[in-house]
Amino acid sequence: MKVLAIIPARYASTRFPAKPIAMLGSKPIVQRVYEQVAKAVERVVVATDDERIYRAVVAFGGEAVMTSTEHRSGTDRCAEAYKRLHCDADIVINVQGDEPFIAPSQIATLIECFRDDSTEIATLAKPFAEADGIEAIENPNAPKVIFDGCGNAIYFSRSVVPYIRGVERCEWLKHHTFYKHIGIYGFRADVLKAVTVLPQSPLEMAESLEQLRWLEHGYKIKVGITDSETIGIDTPEDLERAEEFLRKQQSL
């Protein structure tokens, strides 16, 4: 399989403008993402809507492509980038540009999902630990996923799924393994093109989760399991936590 990794990176984030080129340690966030992904995929490209991000990527020796400022999602940006690159990749990996600690093993797990010829889309999930507590699974900013016996997603939700009947909520993690969705996706190239022209679906609009659109339109999403935790950066406060995590890593 030929694999292409695309990192969508936009400048005008509401909660954290210019986030991709904010410094994390001695490097911009987008560079740290790029370097982690490059450990697992031969070709990595940043898809951006801003010349400043483009120049930053080129400056550290990365590959970048300019895309529209009108995209509503990273998936749409990836689809445009794939088209502009005129490449023949079989699988396109969409890695969020705010995941500087994504592990190469996670990307490898995602790619492995496509060894099954029936896989159209793949993503990752991480089991919540009992030590995480009920607050972790009740956090609406940490979407949950449930999947069938073949590893295909049944549903994604900001609510806690499943509901454990007859058990006190504080005891739920002792009685069931809940899975946190990790927002990295892989697509077969033709599927990536197809899903970007689908209309928004009712469940997607209700939960504000793009992947529900794909499920509602009949696509299957294979779920790979990872034990590695990622630290996404959505706000300046998240960057401070990431700085602390980086310092701890460097001191090991």
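Me: What is the volume of the largest pocket?
Reply: This is a predicted model, so keep in mind that everything here is computed from it. The largest pocket comes out at about 1900 Å³. Its lining takes in 50 residues, and those closest to the centre are Arg15, Gln96, Asp98, Arg158 and Asp234.

Me: Which elements supply at least two residues each to the lining of the largest pocket?
Reply: On the strand side, β1 (3-9), β7 (121-127) and β10 (179-188) do. On the helix side, α3 (74-85), α5 (134-138), α9 (211-216) and α10 (236-251) do. The largest share belongs to β10, with 5 residues.

Me: How do the residues of that lining divide into nonpolar, polar and charged?
Reply: Charged residues number 20, polar ones 18 and nonpolar ones 12.

Me: And the second largest pocket, what lines it?
Reply: The list is Lys27, Arg32, Glu35, Gln36, Lys39, Pro100, Phe101, Leu246 and Gln249. About 170 Å³ of space lies in this second largest pocket. Both α1 and α10 supply at least two residues of its lining, and α1 has the largest share, with 3. By type, the lining holds 4 charged, 3 nonpolar and 2 polar residues.

Me: What makes an empty space a cavity rather than a pocket?
Reply: The way out. In a cavity a 1.4 Å probe fits but cannot get out, while a pocket is open. The structure holds 1 cavity of 30 Å³ or more, and about 40 Å³ of space lies in the largest cavity. Val95, Gln96, Glu99, Ile102, Ile182, Gly183, Ile184 and Thr230 line it. That lining divides into 4 nonpolar, 3 polar and 1 charged.

Me: Why is Ile137 called buried or exposed?
Reply: Buried means under 20% relative accessible area. Ile137 has 0%, so it is buried. You'll find Ile137 in helix α5. Leaving aside neighbours within four places in sequence, Ile137 is in contact with Phe128, Lys144, Val160, Leu173 and Phe178. Take Val160 from that list: it sits 23 residues from Ile137 along the chain, yet their C-alpha atoms are separated by 6.2 Å.

Me: What makes a group of residues a nonpolar core?
Reply: The residues have to be buried, belong to the listed nonpolar types and be joined through side-chain atoms within 4.5 Å. The largest such core here has 36 residues, and those with the most contacts inside it are Ile7, Leu24, Val37, Val46, Ile93, Val95 and Ile184. Helix α1 (residues 29-38) gives the most to this core, with 5 residues. Apart from that core lies another, of 32 residues, among them Val45, Val92, Leu198 and Trp214. As background, nonpolar side chains in soluble globular proteins tend to be buried together.

Me: Which residues does Val46 touch?
Reply: Not counting residues up to four places away in sequence, Val46 touches Ile7, Ala9, Val30, Tyr34, Ile53, Val57, Glu63, Ala64 and Val65.

Me: How many disulfides does a search of the whole structure find?
Reply: The search gives 0. Cys113 is in no disulfide, and the nearest cysteine sulfur, in Cys150, is 13 Å away.

Me: Why is the sulfur of Cys150 not counted as bonded to that of Cys113?
Reply: A disulfide needs the two sulfur atoms within 2.5 Å. The sulfur of Cys150 is 13 Å from the closest cysteine sulfur, in Cys113, so that is too far for a bond.

Me: Are those cysteines buried or exposed, and how do you know?
Reply: The cut-offs are under 20% for buried and over 50% for exposed. Cys113 has 10% relative accessibility, so it counts as buried. Cys150 has 57%, so it counts as exposed.

Me: What is notable about the phi of Ala18?
Reply: Its phi is positive, about 65°, although Ala18 is not a glycine. Most residues other than glycine have a negative phi. Ala18 is in the loop between β1 and β2 (23-24). Its relative accessible area is 17%, so it is buried.

Me: And what is the phi of Ser208?
Reply: Near 55°, again a positive value in a residue other than glycine. Ser208 is found in the loop between α8 (202-207) and α9. At 54% relative accessible area it is over the 50% cut-off, so Ser208 is exposed.

Me: What kind of peptide bond joins Val161 and Pro162?
Reply: A cis one, with omega about 0°. Most peptide bonds are trans. Pro162 lies in the loop between β9 (153-157) and α6 (172-175).

Terms used. Residues numbered from 1 in each chain as written. Predicted model: local features only at pLDDT ≥ 70, side-chain atom pairs only at ≥ 80, totals over all residues. Heavy atoms only, no water. Buried < 20%, exposed > 50% of the residue type's maximum accessible area, 1.4 Å probe, protein only. Helix = DSSP H or I, 4+ residues; strand = E, 2+ residues; numbered from the N terminus. Contact = heavy atoms within 4.5 Å. 1 Å grid on protein atoms, 1.4 Å probe; cavity = no way out; pocket = protein on both sides within 12 Å on 5 of 7 lines; lining within 4 Å. Points joined across faces, edges and corners; volume = space filled by probe spheres on them. Nonpolar A, V, L, I, M, F, W, Y, C, P; charged D, E, K, R; others polar.
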